[in-house]
Amino acid sequence: MKFALHWPHTLASRLWLIFLAGLLLAQALTFGAQYYERYQSTKTAMLGNFEHDTATSIAILDRLPAPERLEWTKRLQRRNYDYLLREHDSGIPLASNDLAAIAAQSLEANLGRDYDLTFVQIPGPREHFQAQLHLADGSPVTIDVRPSVRPLSPWLPFVLFGQLMLMIACTWLAVRIATRPLSRLAEAVENLDPNAHPVHLDENGPREVAYAARAFNTMQARIAGYLKERMQLLAAISHDLQTPITRMKLRAEFMVDSVEKDKLGSDLYEIEHLVREGVAYARSVHGAAEASCRINLDSFLDSLVFDYQDTGHEVSLRGKNGAVIETRPHALRRIMVNLVDNALKYAGNAEVEIAGNASAGVSISVLDRGPGISEDVLAEVTKPFYRVESSRNRNTGGTGLGLAIALQLAVAIGGSLSLRNREGGGLCVTLNLGSNP
């Protein structure tokens, strides 16, 4: 089975991985070099002291009377070796490739000129070796050697661990400083809405961060300027077109009644309606600029439905729940008017239904029993100027902007719009509004 190593997806995790791997490697190399250097230094110092100390101790024991030697062996005892006034223990031949062999060679070089040395290795939980010699009076002396080198002080690993923790903390701070401006920039881009209050990024900090923030603020201002320019252009076009359209309508009124006159009037009405809808779509982008306020949703929809009923349209409301929500009422009314008009246009009637509550979020559905929309184009009808040719076409007076405007305004007020075909025929358009803060 093969295991694939995946590179982390976030910049912070990648920087963490690189810094952490580098720190661990550098710390391991530092520890290894320091350990080796201290090991060599300690070994050299130990062997040097061992040579001089054993030579001095054997000389002292050789010159002392036999009854006094036992007392002196206690004084001459060291941490790694001591002196026994007896024959060596039974053991095995000394190995030639470890610290014991080096210590034995040091003894041989120091004492071998004056004494005959015999070396044996004593196996056990802690292996050690013994060197036996005979003093001038023939008494045996065994040097029991337990070679060990402690290149590190007991506190040094804790110091190295603390140093590693300090470097990890500094790495975390560096990664945070490096990625936090990027996260703020990504969040600002994600929430970019030139029609609402712009999110002005702080242009202080390191040069690169300040430059990116300044570039984003400039871009945001340019986008807002482009949208404002577009609105002004569309408003100017609408205003300029109204005058020739009005003149053409007046001239058409003086024409003799005929089929051609009716067709011309219909075309002029369609042009006028298309201009108004185009400007409305452009203005729907700015739905978020309207001030929010709290409204009673039941009363709001009652008023809307009564207005339709007063004009003779078959519109009903069901599912009242008394929810009080905070929203932009003019944008919400335009959404509902577009959805209800759409249902009336293609089905002749509309049902408005409320579901949910203010704390969990409410949804408002507009249902009809019209021809519905084919499933393969259901996601396309909210695009500007898109019309379903089979049933929803220009003959009904549609411009293909009603649902597009509703969707644009739904997003502007923090909601969403979804469409589905009903069982038994017809369309259900649902406006989902988030929970009330």
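A residue counts as buried when its relative accessible area is under 20%. By that cut-off, the buried residues of helix α9 (residues 402-412) are Leu403, Ala404, Ile405, Ala406, Leu409, Ala410 and Ala412. The model is predicted. The points below cover its salt bridges, a pocket, a surface patch and some single residues.

**Salt bridges**
- A search of the whole structure finds five salt bridges.
- Arg318, Glu351 and Glu353 are linked in a network of salt bridges.
- Within this network, Glu351 meets Arg318 at 3.4 Å, N to O. Glu351 lies in strand β8 (residues 349-357) and Arg318 in strand β6 (residues 314-318), so the pair ties together parts 33 residues apart in sequence.
- Glu353 meets Arg318 at 2.9 Å, N to O. This pair also joins β8 to β6, here across 35 residues of sequence.
- The three members of the network count as partly exposed: Glu351 has a relative accessibility of 21%, Glu353 of 27% and Arg318 of 38%.
- A further salt bridge pairs Asp307 with Arg333, with the closest N and O atoms 2.8 Å apart. Asp307 is in helix α7 (residues 297-310) and Arg333 in helix α8, 26 residues apart, and the pair links distant parts of the chain.
- Asp307 is partly exposed at 36% relative accessible area, and Arg333 is partly exposed at 28%.

**Second largest pocket**
- The second largest pocket has a volume of about 300 Å³.
- Its lining is made of 16 residues, of which Arg180, Pro181, Arg184, Asn204 and Val209 lie nearest the centre.
- Helices α4 and α5 (207-253) each supply at least two lining residues. Helix α4 gives the most, with seven.
- By type, the lining divides into ten nonpolar, two polar and four charged residues.

**Helix α4 and a surface patch**
- Trp172, Leu173 and Ile177 make a nonpolar surface patch of about 320 Å².
- Ile177 lies in helix α4 (residues 156-190), the helix that also gives the most residues to the lining of the second largest pocket.

**Single residues**
- Thr430 is in strand β11 (residues 427-433). Thr430 counts as buried because its relative accessibility is 12%, under the 20% cut-off.
- Thr430 and Glu353 are 77 residues apart in sequence, and their C-alpha atoms are 9.1 Å apart.
- His330 belongs to helix α8 (residues 329-347) and is exposed, at 62% relative accessible area.
- The C-alpha atoms of His330 and Ala291 are separated by 9.5 Å, with their positions 39 residues apart along the chain.
- Gly414, which follows helix α9, has a positive phi near 85°.

Notes. Residues are numbered from 1 along each chain as its sequence is written. This is a predicted model: local features need pLDDT of at least 70, side-chain atom pairs count only at pLDDT 80 or more; totals for chains, interfaces and linings use all residues. Side-chain values use heavy atoms; hydrogens and water are left out. Patches are made of residues with over 30% relative accessible area and no salt bridge: like charges are joined within 9 Å, nonpolar side chains (Val, Leu, Ile, Met, Phe, Trp, Tyr) within 5 Å. Accessible areas come from the Shrake-Rupley method with a 1.4 Å probe; for residues, only the protein chains shown count as cover. A salt bridge is a side-chain nitrogen of Lys or Arg within 4 Å of a carboxyl oxygen of Asp or Glu. Helices (H or I, at least four residues) and strands (E, at least two) are DSSP runs, numbered from the N terminus. On a 1 Å grid over the protein atoms alone, a cavity is a set of points where a 1.4 Å probe fits but cannot get out, and a pocket is an open set with protein on both sides within 12 Å along at least five of seven lines; lining residues have an atom within 4 Å of a point. Grid points are joined across faces, edges and corners, and a volume is the space filled by probe spheres set on the points. Ala, Val, Leu, Ile, Met, Phe, Trp, Tyr, Cys and Pro count as nonpolar, Asp, Glu, Lys and Arg as charged, and the others, Gly among them, as polar. Buried means under 20% relative accessible area, exposed over 50%, partly exposed in between (1.4 Å probe, protein chains only).
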